[in-house]
Amino acid sequence: MSDLVLDKSKTMIDPFGRIVDYLRISVTDRCDFRCTYCMSENMTFLPKKDLLTLEELERLCSVFIDKGVRKLRLTGGEPLVRKNIMQLINALGRKIDEGTLDELTLTTNGSQLQRFAKDLYAAGMRRINVSLDTLDADKFKEITRWGDLNRVLAGIDAALEAGLKVKINAVALKDFNGHELPEMLRWAHSKGMDMTIIETMPMGEIDEDRTDQYLPLSQVRKDLSQEFTLEDIPYKTGGPARYVELKETGGRLGFITPLTHNFCESCNRVRLTCTGTLYLCLGQDDAADLRAPLRASSDNQLTADAIDEAITRKPKGHDFIIDRTHKKPAVSRHMSVTGG
Ligand code: SAM
Ligand code: SF4
């Protein structure tokens with residue numbers, strides 16, 4: 001929050017004194033990919049009848065904005081496969097014009113970007129994150145099960161052409177993409193894109209053993225230091241990444257390290273699912289149902305009260321552990337339910 005004077009009636013502050021001004025919304029838990037670290041091949045999705053309509057999602061976002069949220073990120077599942085999603089994006093974009101919202105962003109797998117890039121920019125979006133774990137077409141197919149690399153690369157180009165700033169997010173996966181990260185960094189930086197590397201998090205049952213996938217970023221950083229000069233920089237995007245600049249490329253690299261370095265002390269966010277469940281932490285099960293109060297009254301007071309109550313329960317942090325003695329995921333829901 002940049003305002004010098006805090007309006008307490010319009011500010012959400014959790015029990016640990018953290019200001020919550022960032023809402024991530026998973027607009028669908030469905031996806032046109034099946035990334036092996038995110039989903040099992042045969043997924044059971046939330047029943048369609050339980051979904052909030054786009055109008056209800058917009059209304060909920062408005063209540064959060066009234067309560068002090070300044071930044072929204074749409075995620076999923078794959079947000080761009082939700083039917084008529086531009087209706088919601090256009091409505092939220094208007095809040096930037098009105099001055100009630102600072103930023104609207106998106107995390108996407110890039111598969112639909114050729115179709116949507118121009119519309120996203122026109123709606124007021126300026127930055128997006130595209131998830132991409134490899135530049136090798138066969139490996140891309142292997143990790144996403146259903147994805148087509150060329151289509152995603154064309155989508156990234158369409159986004160850049162439309163004027164969107166693109167950040168590439170890659171999950172570090174042992175014996176899969178560690179050796180490829182220098183090449184990906186050179187590629188991203190040559191196109192003016194920042195890149196962020198993420199540790200795998202133990203969320204939801206998948207078909208593989210997470211211990212086999214886990215590659216600590218302390219190791220990644222060590223390896224990258226053999227090829228690049230990494231300079232710590234204070235750059236921040238409102239997210240949990242710690243950034244370095246690569247002297248050789250002049251580009252930025254962020255590390256998101258939920259396991260090797262807990263980032264919860266500066267957490268400013270809460271997460272809403274497409275059925276109106278509010279999760280106070282990505283790595284904890286405690287949640288609040290906002291769908292019932294939203295539907296119980298056309299007035300927003302009930303929902304605002306439910307949000308206030310939920311914020312008093314925001315936990316200090318997550319308890320992610322990946323090792324051979326912890327066979328169960330830290331939380332049973334998949335990342336695609338709460339969004340990344
Ligand atoms: N489908 C969109 C995408 O892939 O960008 C948005 C949703 S996806 C769940 C958001 C991010 O979460 C992606 O960058 C993905 O790589 C990451 N992700 C998914 N499961 C993860 C896990 N278990 N650990 C770490 N990151 C994960
Ligand atoms: Fe879909 Fe994104 Fe999960 Fe991959 S990471 S399966 S693209 S939601």
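**Two ligand sites and a capped helix**

In this predicted model, a side-chain N or O atom of Glu-78 sits 3.3 Å from a nitrogen atom of ligand 1. Two further contacts involve oxygen atoms of the ligand. An N or O atom in the side chain of Ser-131 is 2.5 Å from an oxygen atom of ligand 1, while Thr-108 contributes a backbone N or O atom at 3.2 Å from an oxygen atom of ligand 1. On its own, ligand 1 has 540 Å² of accessible area, and the protein covers 95% of this. The surroundings of ligand 1 comprise 17 residues, of which Tyr-37, Gly-77, Thr-108, Ser-131 and Met-201 come nearest. By class, this shell holds 9 polar, 5 nonpolar and 3 charged residues.

Ligand 2 has its own set of neighbours. Around it are Cys-31, Phe-33, Arg-34, Cys-35, Cys-38, Met-39, Gly-77 and Asn-109. Here the shell divides into 5 nonpolar, 2 polar and 1 charged residues.

Turning to the fold, helix 5 runs over residues 149-162 and spans 20 Å from its first C-alpha to its last, close to the 20 Å expected. At the N-terminal end, Asp-148 acts as a cap for helix 5, with a side-chain oxygen 3.1 Å from the backbone nitrogen of Asn-150. Beyond the helix comes Gly-163, with a positive phi near 100 degrees.

The buried residues of helix 5 are Leu-149, Val-152, Gly-155, Ile-156, Ala-158, Ala-159 and Ala-162. In an α-helix, residues three or four places apart point the same way, because there are 3.6 residues a turn. The packing partners of the buried residues of helix 5 are helix 3, helix 4 and helix 6, together with strand 6 and strand 7.

Note on methods:
Residues numbered from 1 in each chain as written. Chains lettered and ligands numbered in written order. Predicted model: local features only at pLDDT ≥ 70, side-chain atom pairs only at ≥ 80, totals over all residues. Heavy atoms only, no water. Near = heavy atom within 4 Å. Nonpolar A, V, L, I, M, F, W, Y, C, P; charged D, E, K, R; others polar. Polar contact = N/O pair within 3.5 Å; in protein donor to acceptor, adjacent residues only side chain to side chain. Areas by Shrake-Rupley, 256 points an atom, 1.4 Å probe, with all protein chains shown as cover. Helix = DSSP H or I, 4+ residues; strand = E, 2+ residues; numbered from the N terminus. Expected span 1.5 Å × (residues − 1). Buried < 20%, exposed > 50% of the residue type's maximum accessible area, 1.4 Å probe, protein only. Contact = heavy atoms within 4.5 Å.
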